[in-house]
Structure formats: structure tokens, C-alpha cells
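This report is meant for a reader who is meeting the structure for the first time. Please look through the sequence and the model before reading on.

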Amino acid sequence: MKLSRPVSWFLLAFGAWSWLVWTTFVRNLWKDGSGLAFDDAGDPTGYFWVHLTLAVVSFGLGTVIGVLGWRGLRALRRGTPGRDAAGE
């Protein structure tokens, strides 16, 4: 399958945006002083674990989506024809 240039740029931007947003969120989550992420003893709460899991999944999806966009742009630059589902 061949991706168009706008779609490739969108996927690459989406992947970068995902990393930017979730990195900021995890940093803020780690420094949380409101009592949501850590209890009075300093142990992580359920809120912390759920949101950390969401961040890790989003990092993975952002990476995969960004790589697809990057590969689409590289293929367009080289003029490489897209592959179909069978890899031919």
C-alpha cells in the first residue's frame, strides 16, 4: 500500500505529538503532589498505575504510527512503489 505525502506527514506528526504529550504527562504524574498518584506513604496508587499503563500504550502506538509515516515519506522520496498485502 502506498501512502500519500499528506497522510505520511499526518502519521509522523501524530506519532511525535503522542510522544510530546505523554512524556509531559508522565513527568507531571511522577511529580504529583496532590495525592492522586501517590498516597501519604509515597506508594503509587491505582490512578498512577492506570495512567502509566495508558502512557506506555500510547508511547507504543505513537511509535508505530510515527514509523509508518516516516517509512511512507521515505518511500515517496525514493520513488519506491508500495507493496500490497502479500508483500509483492
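## The length of helix H2

What span should the 33 residues of helix H2 have at 1.5 Å a residue, and how far apart are its end C-alpha atoms? In this predicted model, helix H2 covers residues 46–78 and should span 48 Å, and the distance between its end C-alpha atoms is 48 Å, so the expected span and the model agree. Just after the helix comes Gly79, whose phi is positive, at about 75 degrees.

## The chain as a whole

The chain holds two helices and zero strands, and 24% of its 88 residues count as buried. When contacts with a separation of 6 or more are considered, residues 24 or more positions apart account for 64% of them. The chain exposes about 6400 Å², with carbon and sulfur atoms supplying 68% of that area.

Confidence in the prediction can be stated for the chain and for one stretch of it. The mean pLDDT is 89, and 90% of the residues reach 70 or more. Over residues 84–88, by contrast, the pLDDT is below 50, and this stretch has three contacts in the model beyond near neighbours in sequence.

## The buried residues of H2

The buried residues of H2 include Phe48, His51, Ala55, Ser58 and Phe59, and among the others are Gly62, Gly66, Gly69 and Gly72, together with Leu73 and Leu76. What covers these buried residues includes helix H1.

Val50 also has its place in helix H2, but it counts as partly exposed because its relative accessibility is 49%, which lies between the 20% and 50% cut-offs. Its C-alpha atom is separated by 9.7 Å from that of Ala37, and the two residues are 13 apart along the chain.

## Ser18 in helix H1

Ser18 lies in helix H1, which comprises residues 5–30. Is Ser18 buried or exposed? Ser18 counts as buried, because its relative accessibility is 9%, where the cut-off is under 20%.

Leaving aside the neighbours within four places in sequence, Ser18 is in contact with Ser58 and Gly62, two residues that belong to the buried residues of H2. In addition, the side chain of Ser18 reaches the backbone oxygen of Ser58 at 3.2 Å.

## Aromatic pairs

How many aromatic pairs does a search of the whole structure find? The search finds seven. One of the aromatic pairs is formed by Trp22 and Phe25, which are edge-to-face, with 5.4 Å centre to centre and 70 degrees between the planes. Both of these residues lie in helix H1, three residues apart, which is about one turn of the helix. Phe25 is partly exposed, with a relative accessible area of 29%.

Phe48 and Trp49 form another edge-to-face pair, with 5.1 Å centre to centre and 85 degrees between the planes. Phe48 counts as buried because its relative accessibility is 2%, whereas Trp49, at 46%, counts as partly exposed. Ring pairs also link Phe48 and Trp49 with Trp30 and Phe38 into a cluster.

Note on methods:
Residues numbered from 1 in each chain as written. Predicted model: local features only at pLDDT ≥ 70, side-chain atom pairs only at ≥ 80, totals over all residues. Heavy atoms only, no water. Helix = DSSP H or I, 4+ residues; strand = E, 2+ residues; numbered from the N terminus. Buried < 20%, exposed > 50% of the residue type's maximum accessible area, 1.4 Å probe, protein only. Contact = heavy atoms within 4.5 Å. Areas by Shrake-Rupley, 256 points an atom, 1.4 Å probe, with all protein chains shown as cover. Polar contact = N/O pair within 3.5 Å; in protein donor to acceptor, adjacent residues only side chain to side chain. Phe/Tyr/Trp six-rings, centres within 6.5 Å; stacked < 30°, edge-to-face > 60°. pLDDT = per-residue confidence, 0-100. Expected span 1.5 Å × (residues − 1).
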